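Could you walk me through this structure in the viewer, one selection at a time? I would like to know what to pick next and what I will find there.

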Amino acid sequence: GADPQEELVKKAISCVVILASCIIFIKWYDKFTQLPVELFQSRHLIWKLARNDFKKRYAGSYLGAVWAMIQPVVTVAMYYVVFGLIFPNQRESGEVPFVLFLTAGLVPWFFFNEALNSGTNALLEYNYLVKKVVFKISILPIIKIIAATFIHAFFVCVLLAIAAGY
């Protein structure tokens, strides 16, 4: 029941967009493939620096890396007490439990927040590598993202445990 003229225009616009994206991809193919190749070639260095960054971040704290894993759990527990118990929302009985709903939203947010903040500051933190030696600076944000993944992999396990409990 659609207008044939309108459908023809939609198809023409789609073809132009696909053609333009193919031309851009062909023109910048080297730039698109350079970063994944660099990351693959430097994978051992990235892994060692990410582990070192994780250890260095929590070396001076009292509980060390345990605090990194407890802090998100305490934050979710605090949100649950405030918004689930003290100020509850009127829900139907068939909905997802609030703590599961809350944890499923906060897990990716905590990861995204930490990865973005630490990834953007990676060049400042590793300025001794950028200024003094020949170093591929494109791997520095990846190091921070992998270091953030260590904590959030544990937090995903907590989320799965909560989901299994329900």
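## A tour by selection

Start with W109 and F112, which sit three residues apart in helix α5 (residues 98-120), so about one helical turn separates them. Bear in mind as you look around that this is a predicted model.

Show the side chains of that pair. The ring centres of W109 and F112 are 6.1 Å apart and their planes meet at 40 degrees, so the pair counts as tilted. The reasoning is simple: planes under 30 degrees apart would be stacked and those over 60 edge-to-face, with the rest called tilted. How accessible is W109? Its relative accessibility is 47%, so W109 is classed as partly exposed. F112 is partly exposed too, with a relative accessible area of 47%.

Stay on helix α5 and select N113, which also lies in it. N113 has 31% relative accessibility and therefore counts as partly exposed. Now add R51 and draw a distance between the two C-alpha atoms: N113 and R51 are 62 residues apart along the chain, and their C-alpha atoms are separated by 19 Å.

Next, go back to the aromatic rings. How many aromatic pairs does the structure hold? There are eight. One of them joins F25 and F32: the ring centres are 5.6 Å apart with the planes at 15 degrees, so this pair is stacked. Colour Y29 as well, and you will have a cluster, since ring pairs link F25, Y29 and F32. F25 is partly exposed at 41% relative accessibility, and F32 is partly exposed with a relative accessible area of 42%.

For the last stop, select two helices together: α4 (residues 65-86) and α8 (residues 140-165). They pack at an angle of about 45 degrees, and their axes are 9 Å apart. That angle is why α4 is described as oblique to α8. If you turn the view so that one helix lies in front of the other, you are looking at a right-handed crossing of α4 and α8.

Which residues make the contact? From α4, show A68, M69, P72, V73 and V76; from α8, show I151, F154, F155 and V158. Try colouring this set by residue class: the contact of α4 with α8 has nine nonpolar residues, no polar ones and no charged ones.

Methods. Residues are numbered from 1 along each chain as its sequence is written. This is a predicted model: local features need pLDDT of at least 70, side-chain atom pairs count only at pLDDT 80 or more; totals for chains, interfaces and linings use all residues. Side-chain values use heavy atoms; hydrogens and water are left out. Axes are lines fitted to C-alpha atoms, for helices over the stretch in contact, and angles run from 0 to 180 degrees between N-to-C directions. Helices (H or I, at least four residues) and strands (E, at least two) are DSSP runs, numbered from the N terminus. Angles under 35 degrees count as roughly parallel, over 145 as roughly antiparallel, 65 to 115 as roughly perpendicular and the rest as oblique. A crossing is left-handed if the near helix is turned anticlockwise from the far one by less than a right angle, and right-handed if clockwise. Contact means heavy atoms within 4.5 Å. Ala, Val, Leu, Ile, Met, Phe, Trp, Tyr, Cys and Pro count as nonpolar, Asp, Glu, Lys and Arg as charged, and the others, Gly among them, as polar. Rings of Phe, Tyr and Trp (its six-membered ring) pair if their centres lie within 6.5 Å; planes under 30 degrees apart count as stacked, over 60 as edge-to-face and the rest as tilted. Buried means under 20% relative accessible area, exposed over 50%, partly exposed in between (1.4 Å probe, protein chains only).
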